[in-house]
Amino acid sequence: MDTITEVFHIVPGDNPDLGDYVNEQPDEGDDGFYDVSIISPVVLICHGAYLLLLQAAPQLKPHIIFRTFFEKSNICPPLDYGPINAVTGDQYVFWPALLTSEDAADYLDGKSDEEALHEFWRGRGNLWALVRPDRFPISETSLDRIIPYQPAASVDSECQLLNLPLEVLILICELVHPPSLYSLMCTAKTLHSRIAPNVDRIVYSHIHNYEPWHLPAGPFAIPGGSEETDWWNAEWTRKIGISGDSSSFIHNAPWFQYRRACSHSMSMWNRIRIWRVIKQVEERAQDFL
């Protein structure tokens, strides 16, 4: 397996539908032309997905990936790539057929342009699976303060969480799914006053431990290995006016509002889809690890 390696800078050639790909920066002795048709011993992974793979499953080295795809493909069911087909919702891509299916008229019938576009991108069209998975919703993140519903003061006496030390309360809140954290904060006025000053710290810890796909992958020692972190740092610097590396934003970014924005981001939807595919590959590769 020493001959299995990574090759970067690969782009579609004149006939990519026939497996024709070329290397924009070939090494010495490499003619730069590749056949990646279905019969070729090649695994083609988009660069953005490969960065995610290095983050989600760093033990999947090139020879492990190769063996998993070529030795397990006939004995395992197909990988579930999610709804990447805009027509049928299954895993076989056929984007040009977007408006050729029998129910295509349903996308447009009686809908405004805005409603039709919503259906294309976020509804049955599933075009969100075409969105780059590395465009974190930083610009969409609100910097507004959280102004929750204020319950009656009498509710406080019934909330057992108020009897916990603050650090214990924070540890419990870090286990709560961020969209549910707001509801928890609204159950008691005093509870809100204890959680709100720590909400960004709480949500960052939850993302870091349980939803790492919402954080950038890298930097890695490969071509373009710092693309995500570079973009992430530049966007946060532009958003909150603090420069530095990724660690500089841990204590300054509005993580609660950022996580809210992630829920509506098509880029993050696609990122989660790719992450799930990687985890399927990782599970299949256990025999080779």
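**Figure 1. Arg132, Asp134 and Arg135 join up in a network of salt bridges.** This close-up, like those that follow, comes from a predicted model. Here, Arg132, Asp134 and Arg135 are the residues to look for, linked to one another through salt bridges. To place the network in context, a search of the whole structure turns up eight salt bridges. Three further pairs get their own panels below.

**Figure 2. The whole chain, for orientation, has eleven helices and three strands.** Following the sequence, you meet the elements in the pattern β-β-β-α-α-α-α-α-α-α-α-α-α-α. The chain has 289 residues, and 40% of them count as buried. Its accessible surface amounts to about 16500 Å², with 55% of that belonging to carbon and sulfur atoms. If you take the contacts between residues at least 6 apart in sequence, 62% of them join residues at least 24 apart.

**Figure 3. Arg67 and Glu71 form a salt bridge within helix H2.** The closest N and O atoms of Arg67 and Glu71 are 3.1 Å apart. Both residues sit in helix H2, which covers residues 62–72. They are four residues apart, about one turn of the helix. Arg67 is partly exposed, with a relative accessible area of 26%. Glu71 is partly exposed too, at 39%.

**Figure 4. Glu167 and Arg201 form a salt bridge between two helices.** The closest N and O atoms of Glu167 and Arg201 lie 2.9 Å apart. Glu167 belongs to helix H5 (residues 166–173) and Arg201 to helix H8 (residues 199–210), so this pair ties together parts that are 34 residues apart in sequence. Are these two partners buried or exposed? Neither label fits: Glu167 counts as partly exposed at 44% relative accessibility, and Arg201 is partly exposed with a relative accessible area of 42%.

**Figure 5. Arg259 and Glu211 form a salt bridge from buried positions.** In this view, the closest N and O atoms of Arg259 and Glu211 are 2.7 Å apart. Arg259 lies in helix H10 (residues 255–263), while Glu211 is in the loop between H8 and helix H9 (227–240), so the pair ties together parts that are 48 residues apart in sequence. Arg259 counts as buried because its relative accessibility is 7%, under the 20% cut-off. Glu211, at 6% relative accessibility, counts as buried as well.

**Figure 6. Val22 of strand E2 and its surroundings.** Strand E2 spans residues 20–23, and Val22 is found in it. Which residues does Val22 touch, not counting those up to four places away in sequence? They are His9, Ile10, Val11, Pro12, Gly13, Gly32, Phe33 and Tyr34. For Gly32, you can also follow the backbone: the C-alpha atoms of Val22 and Gly32 are separated by 5.4 Å, although the two residues are ten apart along the chain.

**Figure 7. Leu117, Trp121 and Leu130 make a nonpolar surface patch.** The patch formed by these three residues comes to about 290 Å². One of its members, Leu130, lies in the loop between helix H4 (113–122) and H5.

Terms used:
Residues are numbered from 1 along each chain as its sequence is written. This is a predicted model: local features need pLDDT of at least 70, side-chain atom pairs count only at pLDDT 80 or more; totals for chains, interfaces and linings use all residues. Side-chain values use heavy atoms; hydrogens and water are left out. Buried means under 20% relative accessible area, exposed over 50%, partly exposed in between (1.4 Å probe, protein chains only). Contact means heavy atoms within 4.5 Å. Accessible areas come from the Shrake-Rupley method with a 1.4 Å probe; for residues, only the protein chains shown count as cover. A salt bridge is a side-chain nitrogen of Lys or Arg within 4 Å of a carboxyl oxygen of Asp or Glu. Patches are made of residues with over 30% relative accessible area and no salt bridge: like charges are joined within 9 Å, nonpolar side chains (Val, Leu, Ile, Met, Phe, Trp, Tyr) within 5 Å.
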